Structure formats: C-alpha cells, structure tokens
Amino acid sequence: MGEPHPFFQYTSEIVSWRLGRTETVRTASPPEPARVAAQVERVLRHLAGRRGVALVGLGAGRLAAALAEALPEEVALTVLDADPEAVRRLLAAGELAWLQAEGSRQLLVDTSAMALFCLVAGAGISPATTLVTVTPEVGGSDEHRELAQWRRLFLGSRPAPGPASETALPRPTLAVLARPDEPDLPGFFAAAAGLADRAVVLWDAGEVPAAAREAEALGVPVTHLARRLADDFAAQRNALLAACAGPWILSLDPDERPGPGFGPALRRLMAMPGVGGAFFPRLTLYPDAGRAKVGYGLWPDVQLRLFRTTAAGPRYVRPVHERLEGLAGRAALALDAPLHHYNRLLADRAAVLAKLAGFDAAAGRPTHRLNLDYPSLPLEFFAPPAGLPPEGRVLLLPPMW
C-alpha cells in the first residue's frame, strides 16, 4: 500500500479530536432518491472534461455516495464539510464506505473555510479543473457560513500575475512590537535579517531597554521607540506604523520566524501589479518543532503581514485581535511562504496563560482557553507538492477590504 491521500490524513486527524463547542447541524432528512439521482445526472452532464468534482457539504452522505459510484475513476471527488461531529457520526454508522485512505474519492472536514480552501488550492484544485456542486441538504448556521465562505474563496480567487519588475523595488520596512522580556529575541532578529532595508521596534516599556541591542543582528538601520501597551494593541500598532517609512511595511511578531520561501515571496509580492497586501499561513509549532497545530481555526491562521501604505492609511482598529483597515489594491495569499509560530515552544504554560489573560483584559471579557494538547500534523505535510516552481504559489483573493 502507498501513502494515504493528504486529504485523508488531514480529515483523520481532525475527526479524532473534539475541540470547543459543536453545533448540531444534521437536522434535515436525507434527500429523496430521485433528487439525488437527478443531481448526479446533472453533474455527469456538465463535467465537460473536468478532472474533478467538489461537493460542498456532506449532508447525510447520500449524494456523496452516489457521486463516488457514478463518476469515472479518473475524475476525482472531493467532499467538503465544516462539521467534524457530524462526520464522526456518519463514520461510526458505516455511512461513508466509499471513503478510502488512497484513491480519488476523498473527504475534507474542518470548521475553518480558510483551511479547506488552502488544502484544496494547495493541491492544485481550481475552478478550471473542477466542477462545484452543492449538497441539497441544509446544514446549521456555522456550517452553512463556512461552506459559503469556501465557495467565495474558491470561485473568486485566481493565480496572481507575475511580477512586473523586481530589480527596482526596495525591501520593506520591518515593524516589530516587542517586550523587553521577550524570549529568544536574538533568534528572532537573526531570523529576520535580510528581509528589510530598515526596521522600527516599539518596546512595551517606559524607555528603550538594553534588549534593543539584539536588533543589531538585522544588519540595517533600526529606530527604537518606547511606549506602554496599556491593553490596546491597535493603538500600539498605530504608533509603530506612524514611525515607519513606506511604501511597504512588513509586520512581524517576536515569536514568529520566516519559514521556507518567505523571503523570496516578499519581493515577488511587492512587484505584483495591483497587490496592496499579502496574507501568509502561520504554522503554530506544537508539541515540538517538527509538528504544527491543525483544525478548528488553528491552521492556516492566515496573517496579514505585508502591506502597502498610502497617504490615507492604513490604520489598525480593535484593542485586541486588531485588524488593519484602509488598505488599497487586491489581497494576495502566499500559500508556500509560511510563518512559523514559536509561541508554545518559547514560553511555558504559565507564560502563555498570562499572555492570554492580557488578551482577555484588552477584550473586556474571557475569550481564550488553553488545552493541554491539540491536533497536529508533521511539518512535511505542509511542504509544497513535488515539481512546484521555486517561487511557489500566490493567489489573488476575492475582495477582502
């Protein structure tokens, strides 16, 4: 036997865990056999040479089973679902006999539309090669929202154009919020070396601390500022942004490290016409440096880290889980340029709990919890497929701001 399909690996990990609250979504009765047969016939009639079918929503599994049987073997079937609990119940009841570890009939489940999108797009599945059809059953509100968002991302995204020119573009300004007691500051600044022409570091302190000397590892001019956070991350980031020179800003946190392909992706993104900002998938390493959290919003944890400044903005809003507003141009997603998030490896449990308590204080209510363990996959799972061009895959997303 060969290796399990990546979608099978991912789904197996997700359904083996229960995290957070689960909404009961399977309230509708299975569709009538005649309705299932009619939808299968429509799919077969409209294939038009496509290499795959994406079924949005598993429902009771009747349509998925019928498509798995009716489609030619060379036509891949990918079923997308946003309710792991419902999938667990169907698996336990033996309702998904068509699902195999290997082969062309696969099921992807996660509560996150962005995770489902990144997995599908990362596998090279696109509207040009794949027919999209929707289950006749209606799920609960959470599932419906996520699957609708997946359709918007899948149908509204396209490959980004090649760079207009890379030779005349400067590197961005690196913007960093830091605390004097931040763990492994030398490691952060060493990892960020070569990404920017200049840097601004705003310290959560009354004055610039001695730890500022660690920024010399960047090898570029660095401006150091001091300002108390005062439970308002948006205000702190806006103060940092005001001190940065444009036209491009690269914002990184001290517990992040550029992953493979991150550096080369920056210049390509800045050279792409019409791009105003770029999201990067963030891999939170846990329980060790060889694995990353997945499922339930833990991955891809996309972060807007590179953006173009304008005379009118942009500007951060919300004291906690701050969001950048006022951007112009299209949003890009650099699928193969991850950030590695070291927060759970650099800080012990007490320090992480203290950080989450700070987030809760800024939000004015308890919003965070910390488990002892999480679903995870080895970093090799996230590597680009063999044969991918060295520059990786960049997608233009539908309007995001």
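Visitor: What do the side chains of Arg 323 and Glu 325 form?
Guide: They meet in a salt bridge, 2.5 Å from N to O. A salt bridge here is a side-chain nitrogen of Lys or Arg within 4 Å of a carboxyl oxygen of Asp or Glu.

Visitor: Is this model predicted or not, and how are residues numbered?
Guide: This is a predicted model: local features need pLDDT of at least 70, side-chain atom pairs count only at pLDDT 80 or more, and totals for chains, interfaces and linings use all residues. Residues are numbered from 1 along each chain as its sequence is written, and side-chain values use heavy atoms, with hydrogens and water left out.

Visitor: Back to the pair. Is Arg 323 buried or exposed?
Guide: Arg 323 is partly exposed, because its relative accessibility is 36%. Glu 325 is partly exposed too, at 34%. Buried means under 20% relative accessible area, exposed over 50%, and partly exposed in between (1.4 Å probe, protein chains only).

Visitor: How many salt bridges are there by this rule?
Guide: The count comes to 18.

Visitor: Which residue does Arg 257 pair with?
Guide: Asp 184, with the closest N and O atoms 3.0 Å apart. The pair links distant parts of the chain, 73 residues apart. Arg 257 sits in strand S10 (residues 256–258). Asp 184 is in the loop between strand S6 (173–178) and helix H7 (185–192). Helices (H or I, at least four residues) and strands (E, at least two) are DSSP runs, numbered from the N terminus.

Visitor: And is Arg 257 buried or exposed?
Guide: Arg 257 is buried, at 7% relative accessibility. Asp 184 is partly exposed, at 35%.

Visitor: What about Arg 282? Which partner does that one have?
Guide: Arg 282 forms a salt bridge with Asp 301, the closest N and O atoms being 2.8 Å apart. Arg 282 lies in strand S12 (residues 282–284), 19 residues from Asp 301. Arg 282 counts as buried because its relative accessible area is 10%. Asp 301 is partly exposed, at 22%.

Visitor: New topic, helices. How do H5 and H6 cross?
Guide: The axes of H5 (residues 113–122) and H6 (residues 141–156) come within 8 Å and cross at roughly 40°. Axes are lines fitted to C-alpha atoms, for helices over the stretch in contact, and angles run from 0 to 180 degrees between N-to-C directions.

Visitor: Which residues make the contact?
Guide: Contact means heavy atoms within 4.5 Å. Among them are Leu 116 and Phe 117 of H5, and Trp 150 and Leu 153 of H6.
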